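Q: Please take a close look at the positions that UniProt lists for "binding site". Where do they sit, and how buried or exposed are they?

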Amino acid sequence: MTDTDDFTQPIYRDDDADERDITNKTVAVLGYGSQGHAHAQNLDDSGVDVVVGLRKSSASWDAAEADGLDVATPVEAAEQADVVSMLVPDTVQPSVYADIEDAIQPGDTLQFAHGFNIHYGQIDPKPGVDVTMIAPKSPGHLVRRNYEAGEGTPALLAVHRDETGEAKSEALAYAQAIGCARAGVLETTFQEETESDLFGEQAVLCGGVTSLIKAGYETLVENGYSPEMAYFECMNEMKLIVDLMYEGGLGEMWDSVSDTAEYGGLVEGDEVVDEHVRENMQETLDRVQNGEFATRWIAENQAGRPSFNQRHHAERNHEIEDVGERLRGLFAWAEQETEREPEKTEAEVRQ
Ligand SMILES: NC(=O)C1=CN([C@@H]2O[C@H](COP(=O)(O)OP(=O)(O)OC[C@H]3O[C@@H](n4cnc5c(N)ncnc54)[C@H](OP(=O)(O)O)[C@@H]3O)[C@@H](O)[C@H]2O)C=CC1
Ligand SMILES: CC[C@](O)(C(C)=O)C(=O)O
Ligand SMILES: [Mg+2]
Ligand SMILES: [Mg+2]
């Protein structure tokens with residue numbers, strides 16, 4: 001464990017976990033998407049007995065088998081397992097849980113990578129079952145890529161229910177087996193993980209950044225600058241700037257850019273992301289905390305995702321996507337380094 005003098009809370013590392021708390025169990029990984037394929041393969045490589053749970057019709061079934069994993073239906077997988085890792089999309093988890101509930105026995109564990117369905121009351125696990133979470137703070141493909149490179153991905157650990165008295169040590173061993181304890185595992189609650197994760201992806205990581213990029217791109221193009229110039233300035237260089245912050249914090253980035261960029265950025269940054277943006281962020285957090293976002297997302301799915309589909313297609317058809325695809329075609333290295341999920345089909349988007 002890290003020295004708590006340096007941090008506000010303990011951060012668990014490989015030495016804090018006992019691999020036998022997971023290598024003596026069978027884990028059913030339900031879903032073989034972004035997180036599912038990474039957890040299943042990392043667990044398998046760490047010597048854990050894994051069975052992947054998928055619908056018979058699943059396009060991922062052959063992929064999981066080709067990766068050398070045992071595959072069964074979610075019910076069959078849950079019947080064999082001591083730990084069921086719920087890695088299907090948040091919106092389908094309640095119906096998948098209803099299907100597998102009878103297959104889970106007292107003393108088993110139901111584990112999540114995000115707390116949405118527990119926190120907002122969409123799943124109420126049956127008595128006698130441990131309920132835990134290991135939530136990697138990363139897209140799943142990097143959880144796998146980092147593991148293979150001998151590196152780790154930070155994760156959050158939470159215990160919602162501990163019937164066996166072993167919920168935390170088992171979750172920590174799971175985190176170790178998927179490579180997260182190489183980096184660090186922070187203990188939290190389902191509430192804190194859910195609300196901070198939703199806020200982060202909406203206001204900053206996914207929603208905030210894409211809106212900032214599009215607004216910058218559109219401002220340049222509307223003022224007569226070329227799309228190629230605007231793409232390189234507002235999108236391509238974003239990665240290079242963020243990489244510096246990832247490696248060495250804000251300071252390393254500011255040290256690397258010119259003094260002109262540092263002065264202009266410090267002065268104008270707060271003009272662009274002003275008090276009004278902070279008020280908007282607070283409202284976003286309010287909607288997460290009071291359940292308004294969750295209610296809207298659940299209703300959106302029940303209605304067949306009309307707003308999601310419209311926004312999904314508008315985003316994919318934004319001009320920056322077209323110019324970006326053509327420009328990235330010039331980067332010889334991009335194809336080797338970038339491990340992208342194939343574009344979702346219409347049916348998958350509607351799911
Ligand atoms: N994406 C990420 O990087 C992160 C995700 N999380 C959390 O991890 C969990 C999983 O998310 P994510 O990896 O994005 O999920 P994905 O959308 O990538 O999951 C797709 C997988 O789920 C399967 N699936 C979909 N519907 C069903 C169903 N009804 N029954 C059985 N299998 C089904 C799909 O198979 P099929 O071929 O049958 O459709 C596919 O294998 C969520 O709780 C999410 O919030 C947490 C951190 C980051
Ligand atoms: C940032 C999006 C995320 O929360 C993640 C990769 O951590 C997600 O839900 O996919
Ligand atoms: Mg997240
Ligand atoms: Mg998330």
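A: UniProt positions are given here in the numbering used for this structure, feature names are shortened, and annotations may be inferred rather than shown by experiment. With that in mind, the unreviewed UniProt entry lists Asp197 and Glu201 under "binding site".

This is a predicted model: local features need pLDDT of at least 70, side-chain atom pairs count only at pLDDT 80 or more, and totals for chains, interfaces and linings use all residues. Residues are numbered from 1 along each chain as its sequence is written, while chains are lettered from A and ligands numbered from 1 in the order in which they are written.

Start with Asp197. It is found in helix H9, residues 190-205. Helices are DSSP runs (H or I, at least four residues), numbered from the N terminus. Now count neighbours. A residue is buried if 20 or more other C-beta atoms lie within 10 Å of its own, exposed if 12 or fewer, and partly exposed in between; C-beta atoms are placed from the backbone. Asp197 has 20 other C-beta atoms within 10 Å, so it is buried.

Next comes Glu201. Helix H9 holds this residue too. Glu201 counts as partly exposed because it has 13 C-beta neighbours inside 10 Å. Which residues does Glu201 contact, leaving aside its neighbours within four places in sequence? They are Cys206 and Gly207. Contact here means that two C-beta atoms, placed from the backbone, lie within 7 Å.

Last, the domains. The domain assignment gives domain 1 (11-188) and domain 2 (201-339). Such bounds come from an automatic or database assignment. The centres of the two domains, taken over C-alpha atoms, are 30 Å apart.

Key
Helix = DSSP H or I, 4+ residues; strand = E, 2+ residues; numbered from the N terminus.
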